[in-house]
Amino acid sequence: MRRVSIRLNGRVLVDIDIEIKPGEIVTLMGPSGSGKSSLLAHICGTLPSGNAAGFEVGGQVVLNGTSLDGLAPQDRHVGILFQDDLLFPHLSVGGNLAFALPSTIRGRDERQKRIDEALESAGLDGFADRDPATLSGGQRARVALMRVLLSEPNALLLDEPFSKLDTELRDQIRTFVFDQARLRGLPTLMVTHDPDDGAAAGGRIVNPV
Ligand SMILES: Nc1ncnc2c1ncn2[C@@H]1O[C@H](COP(=O)(O)OP(=O)(O)OP(=O)(O)O)[C@@H](O)[C@H]1O
């Protein structure tokens with residue numbers, strides 16, 4: 001991110017200049033309302049723009065040498081994991097994963113293979129036909145991550161994804177998410193209020209301004 005700034009009604013919310021390396025996990029911490037989620041939305045291309053919203057942005061978000069500014073959200077190849085897993089309740093686990101697969105991956109067998117591999121790496125072999133409502137919190141969290149990863153992102157954003165998990169599960173899922181991000185060499189930006197998340201990531205901790 002090159003001198004990325006976000007102003008809200010003239011007030012500087014975010015002013016950040018940072019390069020995140022492949023497989024590096026950077027933690028973004030700051031008080032409530034300091035613009036952390038707005039920065040993630042800006043990177044994803046979903047920050048409401050125009051005078052009515054009051055946001056004004058500057059600088060450049062660059063991924064793999066290409067500026068993301070002006071690209072539609074679906075063309076940015078940025079994956080984001082939220083506090084809520086947002087699994088579709090009317091689709092099976094396999095259906096949720098299939099939904100994320102890019103349309104460029106063609107052929108039933110190839111698509112099924114990707115889904116099976118994702119379930120296996122999440123320790124969820126044989127879960128394809130399960131209703132998400134029948135999963136434990138940890139299982140849902142792992143499906144949610146796999147759904148993001150199956151969309152083949154070039155960068156990963158984490159918006160307090162562990163805050164609703166109890167302590168033991170949080171440690172487990174945090175390790176799983178960080179391992180996957182590093183394994184896939186994804187530059188990762190994590191927003192959190194929890195200093196333990198930053199400590200577990202072991203990388204740089206930055207502020208929105
Ligand atoms: N869609 C929107 N339209 C107008 N203002 C917004 C919108 N979304 C957020 N804001 C405002 O932008 C500011 C930054 O909010 P943001 O959610 O980015 O902060 P945050 O650091 O992520 O907060 P938290 O830690 O509480 O989630 C706040 O003043 C908020 O009220």
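This is a short tour of a predicted model, one selection at a time.

**Before selecting anything.** Residues are numbered from 1 along each chain as its sequence is written. Because the model is predicted, local features need pLDDT of at least 70, side-chain atom pairs count only at pLDDT 80 or more, and totals for chains, interfaces and linings use all residues. Colour the chain by pLDDT (the predictor's confidence in each residue, from 0 to 100): the mean is 93, and 99% of residues reach 70 or more. For the complex, the predictor gives an ipTM of 0.93 and a pTM of 0.93.

**The sheet.** Select strands 7, 8, 9, 3 and 10; in that order they form an open sheet with parallel pairing. Strands here are DSSP runs of E with at least two residues, and helices are runs of H or I with at least four, numbered from the N terminus. Two strands pair if DSSP finds at least two bridges between them. At the edges are strand 7 (78–82) and strand 10 (205–206), each pairing on one side only.

**Strand 8.** Now select residues 155–159. Five of the five residues of strand 8 are buried, meaning that 20 or more other C-beta atoms, placed from the backbone, lie within 10 Å of a residue's own; exposed is 12 or fewer, and partly exposed is in between. Ala155, Leu157 and Asp159 lie on one side, Leu156 and Leu158 on the other. Strand 8 pairs with strand 7 over five bridges, where Leu156 is the partner of Gly79. Four bridges join strand 8 to strand 9, and there Leu158 is partnered by Met190.

**Strand 3 and strand 10.** Select residues 25–28: strand 3 pairs with strand 10 over two bridges. Leu28 stands opposite Val206.

**Helix 1 and the ligand.** Add residues 36–44, which are helix 1. Helix 1 lies across strands 3, 7, 8 and 9, at about 150° to strand 8; axes are lines fitted to C-alpha atoms, for helices over the stretch in contact, and angles run from 0 to 180 degrees between N-to-C directions. Next, show the ligand with the 13 residues that surround it, the closest being Ser32, Ser34, Lys36, Ser37 and Ser38. A residue is near the ligand if its C-beta atom, placed from the backbone, lies within 6 Å. Helix 1 gives the largest share of this shell, three residues.

**Asp69.** Finish in the loop between strand 6 (66–67) and strand 7, where Asp69 lies. Asp69 is partly exposed because 14 other C-beta atoms lie within 10 Å. The C-alpha atoms of Asp69 and Arg140 are separated by 32 Å.

Definitions and conventions. Two residues are in contact if their C-beta atoms, placed from the backbone, lie within 7 Å.
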